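Trainee: Please show me how to read a sheet and a helix pair.

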Amino acid sequence: MSVSVLSPTRALGSLSGLLQVASLFGLVLLLLRAAQLYLRRQWLLKALQEFPCPPSHWLFGHQQEFQSDHELQELRKRVKKFPCACPRWMWGTNATLLVYDPDYMKMILGRSDPKAHDVYRLLAPWIGYGLLLLDGQTWFKHRRMLTPAFHHDILKPYVGIMADSVLVMLDKWEELISQDSHLEIFEHVSLMTLDTIMKCAFSQQGSVQTDRNSQSYLQTIGDVKNLFYSRARNLFYQNDIIYGLTPEGRWNHRACQLAHQHTDRVIKLREACLQEEGEMEEARRKRHLDFLDILLFARRENASSMPDKDIRAEVDTFMFEGHDTTASGISWILYALAAHPEHQHRCHKEIQSLLGDSNSITWDQLDQMPYTTMCIKEALRIYPPIPFIGRVLSKPITFPDGRSLPRGIKISLSFYGLHHNPKVWPNPEVFDPSRFAPGSDLHSHAFLPFSGGPRNCIGKNFAMKELKVAVALTLLRFELAVDPFKVPIPVPKIVLSPKNGIHLQLRKRL
C-alpha cells in the first residue's frame, strides 16, 4: 500500500492559490461595501436636496465644526442662514437633518418615530434600555407604570426635601466664601440635585453631599458623558468590537461598571428596607408609590414583566436624568441671573416679600413668584438642559412649507437651535424675561426645555419645582455676580455642560 506525500513545492503552490482566492474574495467584498456606501451617500444627497447646508467634506462631513469649543456658535450661524432645518454630515454616509423650527418640531414630536438607534445605542452600556432608549409598546408600558410617581400628591412633600438639600449646599457655600468669594458652582449643584433625587425617588436616608461614594459617582458620570461625546463624533469608534479594544473603550467599560455598582447599591438598600416588618404594608397602603417602589412592586407581582435588568435600566436612567439635567438647569439659571443683576434684584425682591427671612418654602408659594418664574424660563430658553434629541423617520413626512423627506432619514431636534432661532425669538441672545409674561403669544412648540409630545420629560414638573426652590433659596441668601475672567463655555454633552465650569462671585446678603 503506497502513501502519497505532498511535496513542499506543491504545498506552497496550493497555499499560494488559497491566498490568491482569499485576496480576490476580500477585494470583491471591499468593492461591494464601497458600492453600498456610495449608493447610500447618493440616496442621502437626493433625499436632503431640498435642504441646503454649508459645504462639507466628502468623507469627514462637517467634522470641523465639532473640533472646537464653538459648536453651538456654528449652530447659531446655521439657524440664522438656513430656514427651518439644515443637514449636518457627520461623515460621508451619515447625515442628520437639524430641525429648529416650531412647526417642524410640532409635526415630528406628534408622531411615534423611534429614537436614532445608531446614536442612542452608544448609551445602552451605561443606562440600559429604560424610558430614554425604549420604543414602541415596551416604552408605553413603562411610561404608564411610572407616571404615578410624579403625581402632585407625591411631589408636594418633596418640596421640603428639596429645600433641605439646597440649604445644605448653601451652608457649604457660606463656609467656602469666607475664604474666597469666587466659587465654581456646577459640581456643588450636581451633588445637591443627586442628594435630592436619592431622597425623593429612591428613599435614601442621610445626605449624599458629604458622601465620597456620591462624589465618585458624579466623577464617573462626567467621564461617561465625555466618552460618549467623543465616540459619537468618531467614525472609527462606531463598531463595538473596535471601540472595546481602544483605551477609551476600556475606560468607558470601567466607568459603566462603577455607575452600575452605585445603582445596584441603591436598589438593594431599598429592597432591604421594604423587607423590614411593617414597611412593606405601609408602602402598599400608600395611594401613590415612589419611583423605585413602583419598580420593585411590579417585579414582586410579576417578575417576568419587570426583570432585574429593566429595573436597573430605569434607575440608571432616572438617576442620571433626574440629577444631571436639573443641575445643568439650576447652574445656568444662576449664571444668567448673575450676568443680569437688574433681573436678579427684581427676583430677590419678589422672593423676599414672599418668604421674608424664612429658610423654608411651601408647594403653594412656588406658584407665587411670577417674575422669578419668567426669569427661570428665559434662562432655560438660552441654556436648555437637553440641547437636542434624535429620531429616525418611520414613514415619509411633508412639512408645512412643502418640503418632504423619505422614510429612514435621521432627525436631530435641536432645542438649542429652536431657542436661538431669530425668526421665533427676536434678538435671541438677549436675556429678556418679558418674553414669558402672562398673555404672551407663544407658539406651542417654541419653548421646549423638556421636549414635547407624548415622549416629553416624565419628570418635568419635579424638575420645575426643584429649579424654583433652588433659585429662590439661593437668591434669598446670596447676591451673585459673574467672574469676568472665567466665562463658561456651554458644550452639548448629552446635557448642556460648562466646559470650564460655572464660576461666580458670591456675597452673603445682610
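Trainee: Which residue of β11 stands opposite L183?

Mentor: L504 in β11 stands opposite L183. This is a predicted model, where local features need pLDDT of at least 70, side-chain atom pairs count only at pLDDT 80 or more, and totals for chains, interfaces and linings use all residues. Residues are numbered from 1 along each chain as its sequence is written, and side-chain values use heavy atoms, with hydrogens and water left out.

Trainee: How do I read strand pairing?

Mentor: Strands of a sheet pair through backbone hydrogen bonds, either parallel or antiparallel. Two strands pair if DSSP finds at least two bridges between them. Strands (E, at least two residues) and helices (H or I, at least four) are DSSP runs, numbered from the N terminus. Here β3 and β11 (residues 503-508) pair in the antiparallel sense over three bridges.

Trainee: What is the strand order of the open sheet?

Mentor: The order is β3-β11-β8, with antiparallel pairing. β3 (182-184) and β8 (478-482) each have a single partner strand, so one side of each lacks a neighbour in the sheet.

Trainee: Which strands does helix α18 lie across?

Mentor: Helix α18 (residues 460-477) lies across β8 and β11 (contact: heavy atoms within 4.5 Å). Its direction runs at about 95° to β8 (axes are lines fitted to C-alpha atoms, for helices over the stretch in contact; angles run from 0 to 180 degrees between N-to-C directions).

Trainee: And two helices?

Mentor: Two packed helices are described by the angle between their axes and the distance between the axes. Helix α11 (residues 247-275) and helix α13 (residues 291-301) pack at about 70°, with axes 11 Å apart. So α11 is roughly perpendicular to α13 (65 to 115 degrees).

Methods. Parallel < 35°, antiparallel > 145°, perpendicular 65-115°, else oblique.
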